[in-house]
Amino acid sequence: MQYKNKNLYIENINAHSLAKKIDTPFYCYSFDKLKRNIDEFKKNFSTINPLICFSVKSNNNLNILRIIKNFGLGADIVSRGELLRALKAGIKPEKIVFSGVGKTADEISFAIKKKILLINAESENEVKAIQKIAKRKREKVNIGLRLNPNIDARTLGKISTGRNEDKFGITGKNLIKILNKFKNSSNINIKCLSVHIGSQILDHRPYLKMIKVIDNIIEKTKYKFDYVDLGGGMGIDYNLNSKKLNYKKYNLIIKKFLKKNKVKIIFEPGRSIVGNVAVLISKVIYVKSSSRKNFIILDSAMNDFMRPALYGSSHRIVPAKKNQSIVKKVHDFVGPICETTDSFLSLKKYQKLNENDILAICDVGAYGIVLASNYNLRTKPAEVMVSKSSFKIISKRENINKLV
Ligand SMILES: Cc1ncc(COP(=O)(O)O)c(C=O)c1O
């Protein structure tokens with residue numbers, strides 16, 4: 001995304017012209033940015049040669065999964081639907097790991113049938129359920145145990161997953177018990193120790209603590225895991241304040257761990273691969289002025305893009321055409337939905353805006369379209385992929401008549 005002569009471009013496509021061809025709001029992705037993010041992620045960890053399983057929950061567009069697969073990544077899935085979608089995209093089962101606290105018997109059975117790499121179990125009862133199904137099928141199934149390392153990743157409370165009070169994973173003590181109880185099972189093979197402490201992590205120190213806990217468990221149990229799955233969580237720079245995760249340090253921490261422990265590392269990144277790859281192109285419906293502020297009422301809403309309403313997260317909003325006149329008044333960018341929380345951003349000043357102006361809500365590629373809903377009986381938006389000077393609709397806007 002860049003400005004040329006005050007006009008916003010996604011690769012070589014003018015955002016304003018694109019909004020004349022496609023009904024707003026719509027998600028607009030850049031192929032080049034996606035490719036560069038994947039290349040960079042690989043480069044950051046090239047010395048440890050990990051298996052990178054893209055977290056499908058962050059974006060499950062079939063076209064995007066196909067691109068990701070073509071760049072050699074596997075998938076981290078959390079439901080039967082995501083597994084089906086990953087397979088449909090051509091991702092090989094031996095590159096798929098299954099996470100989640102509540103896998104049903106049907107989902108476990110399907111994952112076993114498809115021979116995926118690992119089912120990462122999150123409780124003793126889940127391990128029992130996998131064993132029971134595997135026994136019935138006369139199979140020996142590869143599983144992982146997800147550790148809850150009791151670490152606060154110091155990110156948004158609502159996306160923290162690694163503290164004992166969070167529902168995810170198994171405490172260290174229980175994990176050791178489960179390991180001892182099931183390590184000689186004829187129907188399950190405990191191959192992996194997995195962990196995921198949260199999302200939007202910009203500080204390497206929680207990862208350092210996490211690795212120490214893992215190292216401790218391996219030392220205590222002397223168990224030979226084939227894989228250590230470190231999850232995802234790598235944060236991105238939403239507000240351009242240059243705060244970035246120090247990948248060099250994270251990589252060094254892992255390298256040190258690998259000197260002692262001969263395992264294959266798995267990552268499950270979502271946000272760091274697709275987060276900054278898309279904008280939500282929106283149109284101003286009305287500018288509503290009061291003495292205290294201007295409400296910029298957009299045609300996109302919390303049903304199209306939920307993160308600000310759900311997590312209180314903040315995303316930059318930039319104009320498709322820049323102008324010089326600055327209005328020094330609070331601007332609240334809101335959607336048309338009948339909820340006060342349907343609000344994207346509040347700024348102290350903004351350039352002068354008029355009805356029909358086009359704006360782009362930034363960094364919406366992860367946890368964007370996947371969280372879209374039909375609230376207020378609104379259709380989910382289209383998704384468009386731009387590559388150099390061409391674009392392709394990779395998911396159509398829902399049809400209002402069908403929906404009704
Ligand atoms: C188990 C697991 N792995 C990976 C991810 C992806 O996290 P992120 O998008 O922050 O990289 C999540 C996200 O919640 C998760 O729960």
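# Close-ups of a two-domain predicted model

**View 1. Where the two domains meet.** Here 21 residues of domain 1 are in contact with 20 residues of domain 2. Keep in mind that this is a predicted model. On the domain 1 side of the contact, the elements that put in two or more residues are β22 (382–387) and β23 (390–395). Of these, β22 gives the most, with 4 residues. Sort the residues on this side by type and you get 10 nonpolar, 7 polar and 4 charged.

**View 2. How the chain is split up.** Domain 1 is made of two stretches, 2–29 and 275–403, while domain 2 covers 31–272. Going by C-alpha atoms, the centres of domain 1 and domain 2 are 32 Å apart.

**View 3. Stepping back to the protein chain.** Count the elements and you'll find 12 helices and 23 strands. The radius of gyration is 23 Å, close to the 22 Å that the globule rule gives for 404 residues, so the protein chain is as compact as a globular protein of that length. Its C-alpha trace spans about 70 × 45 × 40 Å along the principal axes. How much of the protein chain counts as buried? The figure is 44% of the 404 residues. As for contacts between residues at least 6 apart in sequence, 72% of them join residues at least 24 apart.

**View 4. The sheet of β1, β2 and β3.** These 3 strands make an open sheet, lined up as β1-β2-β3 with antiparallel pairing. Why do β1 and β3 each have one side without a neighbour in the sheet? Both β1 (2–4) and β3 (13–14) stand at the edges with a single partner strand each, so one side of each stays free of a neighbour there. As a reminder, strands of a sheet pair through backbone hydrogen bonds, either parallel or antiparallel. Between β1 and β2 (residues 7–10), the antiparallel pairing runs over 3 bridges. Look for Lys-4 here: Asn-7 of β2 stands opposite.

**View 5. Glu-11, in a loop of its own.** Move on to the loop between β2 and β3 and you'll meet Glu-11. Most residues other than glycine have a negative phi, and most peptide bonds are trans. Glu-11 isn't a glycine, yet its phi is positive, at about 50°. Is Glu-11 buried, exposed or partly exposed? With 17 C-beta neighbours inside 10 Å, Glu-11 counts as partly exposed, because the partly exposed class sits between 12 or fewer such neighbours (exposed) and 20 or more (buried).

**View 6. Arg-138, another positive phi.** This residue sits in the loop between α6 (124–136) and β9 (141–148). Arg-138 is not a glycine either, and its phi is positive, near 55°. There are 8 other C-beta atoms within 10 Å of Arg-138, so this residue is exposed.

**View 7. A cis peptide bond at Pro-25.** Thr-24 and Pro-25 are joined by a cis peptide bond, with omega at about -5°. To find Pro-25, look in the loop between α1 (15–21) and β4 (26–30).

**View 8. Around the ligand.** The ligand has 18 residues around it, and the nearest are Ser-55, Ser-199, Gly-232, Glu-268 and Gly-270. Which types of residue make up the shell? Polar residues number 11, charged ones 4 and nonpolar ones 3.

Note on methods
Residues numbered from 1 in each chain as written. Predicted model: local features only at pLDDT ≥ 70, side-chain atom pairs only at ≥ 80, totals over all residues. Near = placed C-beta within 6 Å. Nonpolar A, V, L, I, M, F, W, Y, C, P; charged D, E, K, R; others polar. Pairing = 2+ DSSP bridges. Rg over C-alpha atoms; globule rule 2.2 N^0.38 Å. Contact = placed C-beta atoms within 7 Å. Domains from an automatic or database assignment.
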